[in-house]
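Subject: Handing over a structure, with notes

Hello,

I am passing on the structure below, and I would be glad if you kept it open while you read the notes that follow it.

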Amino acid sequence: STKGRPYLNVDLSAVQNAGYDSVFAPREGDRSAGGVLFDEYIVYDPAQAIPRYIVHFGACPGLWDAGASWRNPATTLGARVTVRTLTAREVNADNSNSPEVTHYNMAYAQYHRLLGSSAKAVHTVDFYESEAVTRRFQEKKAEFARDKKPIKEIWVFHGTPDIANVAKICSGGLKVGGR
């Protein structure tokens with residue numbers, strides 16, 4: 001719903017006619033006055049985003065495997081998509097600088113930066129790697145560089161009300177307007 005959030009009424013043609021490819025609404029004010037609770041981004045091309053981490057937090061039993069270990073082989077989800085589950089318990093006990101621990105810490109830190117004191121305890125981080133999504137993202141980034149557009153990456157969070165969407169989003173990328 002765009003009620004009280006007029007920036008959501010911006011369509012792709014209006015954005016492109018103004019010379020942009022996305023919309024950013026900084027957190028300010030309150031939703032009843034048209035503000036947003038968190039910084040919000042609208043991208044119109046799914047290749048502009050690369051879903052990579054699922055952060056499991058708070059009391060959400062059943063959403064992660066308590067016996068999972070990043071030391072186990074990655075789970076394969078089909079055509080060149082893998083997922084590793086990183087648990088807080090393991091990461092906190094590990095003193096290495098492994099890529100898995102680095103991924104966990106980056107996702108954990110970004111989650112806490114975003115939510116601050118209202119952040120819940122992080123139990124698990126799933127790290128997805130999709131060859132197709134990564135390739136599309138890198139191609140879009142190269143296109144932006146050629147067109148002299150900024151290519152600085154920004155970490156954002158995307159919520160979904162249905163756990164069944166998670167693997168689809170991380171494996172195939174975000175869908176914009178059903179594409």
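A good place to begin is tyrosine 41, which, with a relative accessibility of 35%, counts as partly exposed, because that class covers whatever falls between under 20% for buried and over 50% for exposed. Please keep in mind throughout that this is a predicted model.

Which residues make up a nonpolar patch on the surface together with Tyr41? They are Phe24, Ile154 and Val156, and the four residues of the patch have about 370 Å² of accessible area together. Phenylalanine 24 belongs to strand E1, which covers residues 22-25, and phenylalanine 24 is also partly exposed, its relative accessible area being 42%.

The rings in this structure deserve a careful look as well, since a search of the whole structure finds five aromatic pairs. In one of them, phenylalanine 24 and tyrosine 41 have ring centres 4.8 Å apart and planes at 35°, so the pair counts as tilted, an angle under 30 degrees being needed for stacked and one over 60 for edge-to-face. This pair links distant parts of the chain, because phenylalanine 24 sits in strand E1 and tyrosine 41 in strand E2 (residues 40-43), 17 residues apart. Elsewhere, Tyr53, Phe127 and Trp155 form one aromatic cluster.

Next comes helix H3, which runs over residues 99-115 and has 17 residues; from its first C-alpha to its last it reaches 25 Å, close to the 24 Å expected at 1.5 Å a residue. Its buried residues are Glu100, Val101, His103, Tyr104, Ala107, Gln110 and Tyr111, and what they pack against is a mixed set of elements, namely strand E3 (53-57), strand E5 (81-87), helix H2 (88-93) and strand E6 (122-130). Just after H3 you will find glycine 116, which takes a positive phi of about 55°.

Finally, is glutamate 153 buried or partly exposed? With 42% relative accessibility, glutamate 153 counts as partly exposed, and its place is in the loop between helix H4 (131-146) and helix H5 (164-172). If residues up to four places away in sequence are not counted, glutamate 153 touches Phe137 and Lys141. The C-alpha atoms of glutamate 153 and alanine 49 are separated by 9.2 Å, although the two residues are 104 residues apart along the chain.

With best wishes

How values were computed:
Residues numbered from 1 in each chain as written. Predicted model: local features only at pLDDT ≥ 70, side-chain atom pairs only at ≥ 80, totals over all residues. Heavy atoms only, no water. Helix = DSSP H or I, 4+ residues; strand = E, 2+ residues; numbered from the N terminus. Expected span 1.5 Å × (residues − 1). Buried < 20%, exposed > 50% of the residue type's maximum accessible area, 1.4 Å probe, protein only. Contact = heavy atoms within 4.5 Å. Patch = residues over 30% accessible without salt bridge, like charges linked within 9 Å, V, L, I, M, F, W, Y side chains within 5 Å. Areas by Shrake-Rupley, 256 points an atom, 1.4 Å probe, with all protein chains shown as cover. Salt bridge = Lys/Arg side-chain N within 4 Å of Asp/Glu carboxyl O. Phe/Tyr/Trp six-rings, centres within 6.5 Å; stacked < 30°, edge-to-face > 60°.
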